[in-house]
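User: I am new to this structure. Could you take me through it in short questions and answers?

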Amino acid sequence: MIRDQEMMNAFLDTVSSFVREQLVPNEELVAETDEIPEHIVQAMRDMGLFGLTIPEQYGGLGLTMEEESRVMFELGKTSPAFRSIIGTTVGIGSQGILMDGTDEQKQRYLPQLATGEKMASFALTEPESGSDAASLRTTALRDGDHYVVNGTKRFITNAPHAGLFTLMARTDPAVKGAGGISSFIVDAGTPGISFGKRDKKMGQRGAHTCDVIFENCRVPAANLIGLKEGQGFKTAMKVLDKGRIHIAAICVGVAERMLQDALEYAVERQQFGQRIADFQLVQGMLADSKAELYASKCMVLDAAQRRDNGENISTEAACAKMYASEMCGRVADRAVQIFGGAGYMAEYGIERFYRDVRLFRIYEGTTQVQQMIIARNMVRALGA
């Protein structure tokens, strides 16, 4: 769903220029320093990138899923760390409040997120609870007008920078599964919250994750999302369905960048007296990458349009995320191969992308989790 094609095209042109002129030239700096320069983060605030998905009434741009996907196609054409700095606020950090929060919660928190004044993080994963999110152990026990939170969250993206957390915690320890989980809005400055050291990762330097530890952290009962206990897991799953389309769109953008770099290298590089782009085996890698990228893009747009039409897209989102993230990994591998020895060298940048994109097949649900979701939905649909 594109609401105004002319305005959308202008915004996409602005994002594309920003990527080319400011982000791409700073890729190596971010890789070396593990920091995104503040002037770039501020430019993202000024462009409204932190408020892409937050409705206009709260100060955001209120993009549809298709519009958001098309913006990610452009923002993906650079190091994924740049997307990551806005990703949790645009997606999993804010959408639970938007989808299931009360009017008062939306009025209070969404405007701060839309401007980038505060960044939001999504605190779900734990040391013993990853793909099996329903087994989380962090507790939030009612004590008067507060909930007392205890537990540790792991690999929390943007936690070192977050102004608030969308927290998933167990409010009813007697209920071991999803039904005992509730969601909360937690100010990052709340006493009882501490942070582990920044994780050292395979890739995506500049995108920071760390443990978040809650020790007798008192959260106002008014910050229970929707003021309803036991709804947290459902909120998380709705947020992740949307987030999977977003990640699939980023995979498309990054794959387009890697394939373009590989194509340009293949045209310039000469061996045996001719361009390597003229060798059929190299052409095969280029063609396979182009075809898979095209298929992924079509899947993303179809899933996005279906969501905009109000359809249940649990299966389509999982399909898009699974296929696009696997595609992105294959394109990265072929790109390194086309670059040959140069592809293994840091100065050419393609080895950095090779490491960066490996994460796409893991977070917001591994490929294997997506397979389970797809198959279970198929079996359920047949039974219906």
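The turns below go from the records to helices, cores, cysteines and rings.

User: What kind of model is this, and how are residues numbered?

Analyst: This is a predicted model, in which local features need pLDDT of at least 70, side-chain atom pairs count only at pLDDT 80 or more, and totals for chains, interfaces and linings use all residues. Side-chain values use heavy atoms, without hydrogens and water, and residues are numbered from 1 along each chain as its sequence is written.

User: Which feature does UniProt place at residues 9–117?

Analyst: The span is 66% helix and 0% strand. Helices (H or I, at least four residues) and strands (E, at least two) are DSSP runs, numbered from the N terminus. The end C-alpha atoms of the span lie 27 Å apart. UniProt, in an unreviewed entry, names it "domain: Acyl-CoA dehydrogenase/oxidase N-terminal"; such annotations may be inferred rather than shown by experiment, and positions follow the numbering used here, with feature names shortened.

User: How much of residues 230–378 is helix?

Analyst: The unreviewed UniProt entry places "domain: Acyl-CoA dehydrogenase/oxidase C-terminal" here. The end C-alpha atoms lie 27 Å apart. Strand makes up 3% of the span, and helix 74%.

User: Which helices are among those that cover the buried residues of α3?

Analyst: Helix α3 runs over residues 38–47, and I40, V41, A43, M44, R45 and M47 are buried there. Buried means under 20% relative accessible area, exposed over 50%, and partly exposed in between (1.4 Å probe, protein chains only). Their cover includes α1 (5–23) and α5 (80–90).

User: Which residue follows α3?

Analyst: Its phi is positive, near 85°. The residue is G48.

User: Is F11 buried or exposed?

Analyst: F11 lies in helix α1. It touches M47, L49, L52, L61 and V71, not counting residues up to four places away in sequence; contact means heavy atoms within 4.5 Å. Its relative accessible area is 17%, so F11 is buried.

User: Which element gives the most residues to the largest nonpolar core?

Analyst: A nonpolar core is a set of buried Ala, Val, Leu, Ile, Met, Phe, Trp, Tyr and Cys residues joined through side-chain atoms within 4.5 Å. The largest has 69 residues, of which M44, L49, L52, V71, I86, M258 and F360 touch the most other members. Elements that give two or more residues include α1, α3, α4 (65–75), α5 and α8 (232–268). With 14 residues, the top giver is α8.

User: How many residues does the other core hold?

Analyst: This core lies apart from the largest one. Among its members are A123, A140, A159 and F214. Its size is 21 residues.

User: Why do C251 and C328 not form a bond?

Analyst: A disulfide is a pair of cysteine sulfur atoms within 2.5 Å. C251 is buried, at 0% relative accessibility. Its closest cysteine sulfur, in C328, is too far for a bond, at 4.7 Å.

User: How many disulfides does the whole structure have?

Analyst: A search of the whole structure settles the count at zero. C210, for one, is in no disulfide, and the nearest cysteine sulfur, that of C217, is 15 Å away. C210 is buried at 1% relative accessibility. The number of disulfides is zero.

User: How far apart in sequence are the paired rings of F165 and F195?

Analyst: Phe, Tyr and Trp rings (the six-membered ring for Trp) pair if their centres lie within 6.5 Å; planes under 30 degrees apart are stacked, over 60 edge-to-face, and the rest tilted. This pair is tilted, at 6.2 Å centre to centre and 35° between the planes. F165 is buried at 0% relative accessibility, whereas F195 is partly exposed at 37%. F165 sits in strand β4 and F195 in strand β6, and their separation is 30 residues.

User: Which aromatic residue pairs with F360?

Analyst: F360 is buried, with a relative accessible area of 0%. Among the residues that F360 touches are P80, I247, C251 and C328. The ring pair is tilted, with centres 6.0 Å apart and 45° between the planes. The partner of F360 is Y363.

User: Which ring does R330 lie over?

Analyst: A charge sits over a ring if NZ of Lys or CZ of Arg is within 6 Å of the ring centre and within 35 degrees of the ring normal. R330 is 5.8 Å from the ring centre. The ring belongs to Y323.
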